Amino acid sequence: MDSFEIEGGPALRGEVSLSGAKNAALPIMAAAILTRDKLILHNVPRLRDATTMITILNRLGVQSEWVGDDTLELQVTDERQTAADYDLVRTMRASICVLGPLLARRTRAQVSYPGGCVIGPRPIELHLKGLRALGANIEVEHGDVIAESVDGLIGNDIYLGGPRGSTVLGTANVLCAAVLAEGQTVIEDAACEPEIVELAHCLNQMGAKISKIGSKRLEIEGVEELHGTEFTIPYDRIEAGTFMVAAAITKGNVLVKNVQREHLGAVFDALRGIGVEMIPENDRKDMRVIGPASFHHVDLVTGPFPALPTDMQAQHMAMLCLADGISVVTERIYPDRFMHAAELNRLRANIRKEGASAIVQGVDYLSGAPVMASDLRASAALVLAGLVARGKTTVKRVYHIDRGYENIEQKLEQLGARIKRVKDESDMP
Ligand code: EPU
């Protein structure tokens with residue numbers, strides 16, 4: 001398996017361009033199932049997860065073609081297939097977002113029931129509850145979710161809140177089904193994440209009638225058919241946050257380009273609390289990030305948008321390992337998402353888990369060591385720590401990072417980091 005070798009030390013300097021957002025791209029790609037016309041998507045990141053989604057769609061009769069660097073054209077040519085292959089689905093939990101589109105357009109969907117993953121249990125009962133409320137008949141058999149709507153879906157009032165608040169992909173699934181349901185659907189406690197906002201805008205461009213986009217109450221008037229469109233995936237807010245931490249943790253000075261400020265309020269707030277300087281430039285489109293001489297300790301709590309994203313928790317924790325006191329980092333989305341803590345401790349950090357929180361006692365320095373990536377954002381945190389750890393850090397199993405960060409090592413190298421990929425031809429997930 002590929003690994004990264006990082007020599008810690010250099011302060012990062014220069015400019016970095018972001019890629020399209022993985023978590024916006026995946027459900028929007030799945031929405032191609034909803035029409036027979038062409039869906040042309042720009043700014044699609046070339047990531048392992050995008051490739052997996054393309055393969056799943058191909059097997060579901062959707063033709064795909066990359067045009068240039070980041071434009072992806074998708075078009076349904078055969079609507080007979082309704083089952084997504086287990087072999088692919090098991091490698092990417094986000095595959096579940098083909099469920100709603102398949103059910104709505106082909107009246108049947110079979111997708112394997114996602115298991116837990118390293119960040120904790122990842123249930124889907126809210127997805128199923130929402131689809132059942134639209135009239136789908138859903139069974140779980142032999143590890144698959146089998147959903148059918150022979151008589152068509154009918155709009156309904158659906159409360160989609162769960163024990164941890166709203167669900168991002170659950171909202172995506174129910175929304176994609178409701179746009180073709182008969183009559184009105186209201187989704188209460190819908191996810192307000194920017195990725196859902198973008199999906200809703202794309203669906204409206206395809207002819208859907210969704211209103212109150214961005215609120216916790218989505219209203220949908222069902223339509224008979226959707227048509228093709230051309231849509232641009234927004235820049236990745238988590239990649240933006242990750243590069244901001246990279247600049248800050250190395251006490252560098254980096255211009256992060258095309259930062260969507262309205263998506264990053266809580267991340268900015270956390271960084272400012274730690275002492276990081278942020279200066280908007282170029283009509284406020286880009287953000288200059290300047291690392292402070294020392295990091296203040298802060299307490300952080302993750303939550304649904306607009307709170308601090310769980311997908312930025314591990315990266316912030318890497319920086320708090322070097323803060324001037326004790327920080328408490330609390331997970332409100334995935335209470336067990338702390339696998340990176342034990343690996344950061346191998347780099348001489350001092351982190352203790354207490355329930356859904358991690359108590360991070362700042363240390364003077366981190367010390368390079370071999371560490372093991374456990375999931376996408378944990379891997380990013382280990383890379384960030386490696387950028388400042390004394391000596392060499394080897395981050396193993398970086399296929400996790402390839403799932404969600406496009407060319408991260410090239411982008412870091414261009415900013416002056418000493419990072420190299422050590423290839424392993426037998427790299428397998
Ligand atoms: N939940 C339930 N029941 C459900 C669905 C979710 O209780 O039926 C709970 C989850 O256990 C969790 C919370 O609700 O505690 C939120 O989960 P959500 O459904 O919102 O997560 P997701 O849609 O499966 C997406 C992102 C994740 C990101 C979460 C939270 C994609 C492809 N994935 O997952 O991204 O952490 O939202 O914002 O959009 C990542 O990119 O590294 C990643 C894991």
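Me: Buried means under 20% relative accessible area, with exposed over 50% and partly exposed in between (1.4 Å probe, protein chains only). Why is Leu-203 called buried?
Reply: Leu-203 has a relative accessible area of 0%, and the cut-off is under 20%, so Leu-203 counts as buried. Before going on, please note that this is a predicted model, where local features need pLDDT of at least 70, side-chain atom pairs count only at pLDDT 80 or more, and totals for chains, interfaces and linings use all residues. Residues are numbered from 1 along each chain as its sequence is written, and side-chain values use heavy atoms, with hydrogens and water left out.

Me: Where is Leu-203 found, and what is in contact with Leu-203?
Reply: Leu-203 belongs to helix α7 (residues 194-205); helices here are DSSP runs of H or I with at least four residues, strands are E runs of at least two, and both are numbered from the N terminus. Contact means heavy atoms within 4.5 Å. Beyond four places in sequence, the contacts of Leu-203 are Ala-31, Leu-34, Leu-175, Cys-176, Val-179, Ala-208, Ile-210 and Leu-226. Leu-34 lies 169 residues away along the chain, with 9.2 Å between the two C-alpha atoms.

Me: What makes a set of residues a nonpolar core, and which have the most contacts inside the largest one?
Reply: Such a core is a set of buried Ala, Val, Leu, Ile, Met, Phe, Trp, Tyr and Cys residues joined through side-chain atoms within 4.5 Å. The largest has 76 residues, and Met-29, Val-98 and Leu-203 have the most contacts inside it. Its biggest contributor is α6, with seven residues. A second, separate core has 72 residues, among them Leu-308, Val-360, Leu-366 and Ile-419.

Me: Why is α1 described as largely enclosed by the rest of the structure?
Reply: Eight of its nine residues are buried, so the description fits. Those residues are Lys-22, Ala-24, Ala-25, Leu-26, Pro-27, Ile-28, Met-29 and Ala-30.

Me: How do you know that Thr-167 has a polar contact with the ligand?
Reply: A polar contact is a pair of N or O atoms within 3.5 Å; within protein, one must be able to donate a hydrogen and the other to accept it, and residues adjacent in sequence count only if both atoms are side-chain atoms. An N or O atom in the side chain of Thr-167 is 2.6 Å from an oxygen atom of the ligand, so the pair falls within the cut-off. Asn-23 also places a polar side-chain atom 3.0 Å from a ligand oxygen, and for Val-168 a backbone N or O atom lies 2.7 Å from one. The protein covers 92% of the 830 Å² of accessible area that the ligand has on its own, with areas from the Shrake-Rupley method.

Me: How many residues surround the ligand, and which element gives the largest share?
Reply: There are 25, each with a heavy atom within 4 Å of the ligand; Thr-167, Val-168, Leu-169, Asp-311 and Ile-333 are the closest. The largest share, three residues, comes from α5.

Me: What makes Asp-311 buried, and what does its side chain join?
Reply: Its relative accessible area is 17%, which is under 20%, so Asp-311 is buried. Asp-311 sits in the loop between β17 (300-301) and α10 (313-320). A polar contact of 2.8 Å links its side chain to that of Arg-337. Leaving out residues up to four places away in sequence, Asp-311 touches Asn-23, Ile-238, Arg-337 and Arg-377.

Methods:
Accessible areas come from the Shrake-Rupley method with a 1.4 Å probe; for residues, only the protein chains shown count as cover.
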